[in-house]
Amino acid sequence: MAPKHLTEDGTQKTTFQELECSLSLVSEVQQQPIYYAIFNIVLSITAFLGNSIILVALHKESSLHPPSKLLYRCLAVTDLLVGLVSQPCHVSYWMSLVQEHWSLCPYARDAAYITSYALCGVSLSTMTAISVDRLLALLLGLRYRQKVTLKRTYVIIATFWIVGNVAASFFIWNNSSTIWVGRIFIPSCLVISVGSYTKIFRTLSHHQTQVQDHVQQQPSQPNALNMARYRKAVYSALWVQLALVVCYLPYGIMEIVISHRKTYSSHSAVSREIAIILVYFNSTLNPFLYCWKISEIRRAVRQTIRQALCCLWR
């Protein structure tokens, strides 16, 4: 049970964690929990199916650089687990409110938060690693494949999962510590990503200027093709990064607002739930972005769907 704090006049003030599993919240939001549960079930199914197809397509795709492909596979796994684990826990939380199972409610809520914090932390770390990977591909040139190896990428991803799960587990003892970790971790990841993409576009702009200044010395066709492919890979990663920021930003704002409020209401819980649904929606959105922006994955997905349909019709 979360503790109660005293206001200036000595009365007890209900914490936000207590409000989330209270009869007052159920009476004020009325039928909304059922709609939240249905919406999360739909997103859970689409996230699971979409990312399952992406993982099969990535397994078949061989033209992508293995470390880069591994990073996208890690991102797809986290999105798949959001649909398979986090959202069902979140649905259980809302249904426990509807059924007034007060003993189950805190456990379902905490399970949803812990798994969501862990998986979202790994997703954000992986997106940051993708931005750094794209920068290293530009700066290292021919040395990129020697420095960025599959083994090193596995070690980095394993570190993301270990650190993400340890940080999320702090929620069990003190959820404020998890929030403070997020306040340090999230801006750090964003700064690294913004810095990486800024350096990338500055370097590309400088390269374009050099090409225009030496029109007589046309670059070789292989280099031109490589640069065009690199630009496409950068923009693809950037789209996925921007989608993550747009989906996560409202929740970050709500966490800051709630943490600075002296009183809580059902409106705070409803607004926070909408922000959480938007975070979950990112796991459904990513497979569509992969198919839209990454031609190699799009071809592999088409092939996978055709093969699946052929198996069904046999």
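**A chat about a helical chain**

Reader: What does the secondary structure of the chain come to?
Author: The secondary structure comes to 11 helices and two strands, where helices (H or I, at least four residues) and strands (E, at least two) are DSSP runs numbered from the N terminus. Read along the sequence, the pattern is β-β-α-α-α-α-α-α-α-α-α-α-α. This is a predicted model, in which local features need pLDDT of at least 70 and side-chain atom pairs count only at pLDDT 80 or more, while totals for chains, interfaces and linings use all residues. Residues are numbered from 1 along each chain as its sequence is written, and side-chain values use heavy atoms, with hydrogens and water left out.

Reader: What share of the residues counts as buried?
Author: Of the 314 residues of the chain, 43% count as buried, and buried means under 20% relative accessible area, with exposed over 50% and partly exposed in between (1.4 Å probe, protein chains only).

Reader: How many residues does the largest nonpolar core have?
Author: The largest nonpolar core, a set of buried Ala, Val, Leu, Ile, Met, Phe, Trp, Tyr and Cys residues joined through side-chain atoms within 4.5 Å, has 55 residues, and those with the most contacts inside it include Ile 54, Tyr 72 and Tyr 290. Among the elements that give two or more residues to this core are helix 3 (32–60), helix 5 (105–140) and helix 9 (221–260), and helix 9 gives the most, with 13 residues.

Reader: And Tyr 290, what is it in contact with, leaving aside its neighbours within four places in sequence?
Author: With those neighbours left aside, Tyr 290 is in contact (heavy atoms within 4.5 Å) with Ile 54, Tyr 72, Leu 75, Ala 76, Asp 79, Val 240 and Ile 297. A second, separate core of 10 residues includes Tyr 36, Tyr 93, Cys 105 and Val 270.

Reader: Switching to helix 5, what should its 36 residues span?
Author: At 1.5 Å a residue they should span 52 Å, and the end C-alpha atoms of helix 5 are 51 Å apart, which agrees; the expected span is 1.5 Å times one less than the number of residues. Helix 5 is mostly covered, with 26 of its 36 residues buried, and just after this helix Gly 141 takes a positive phi of about 65°.

Reader: Last one: is Leu 43 buried or exposed?
Author: Leu 43, whose place is in helix 3, counts as buried because its relative accessibility is 7%. Leaving aside its neighbours within four places in sequence, Leu 43 is in contact with Gln 87, Ile 277, Phe 281 and Thr 284.
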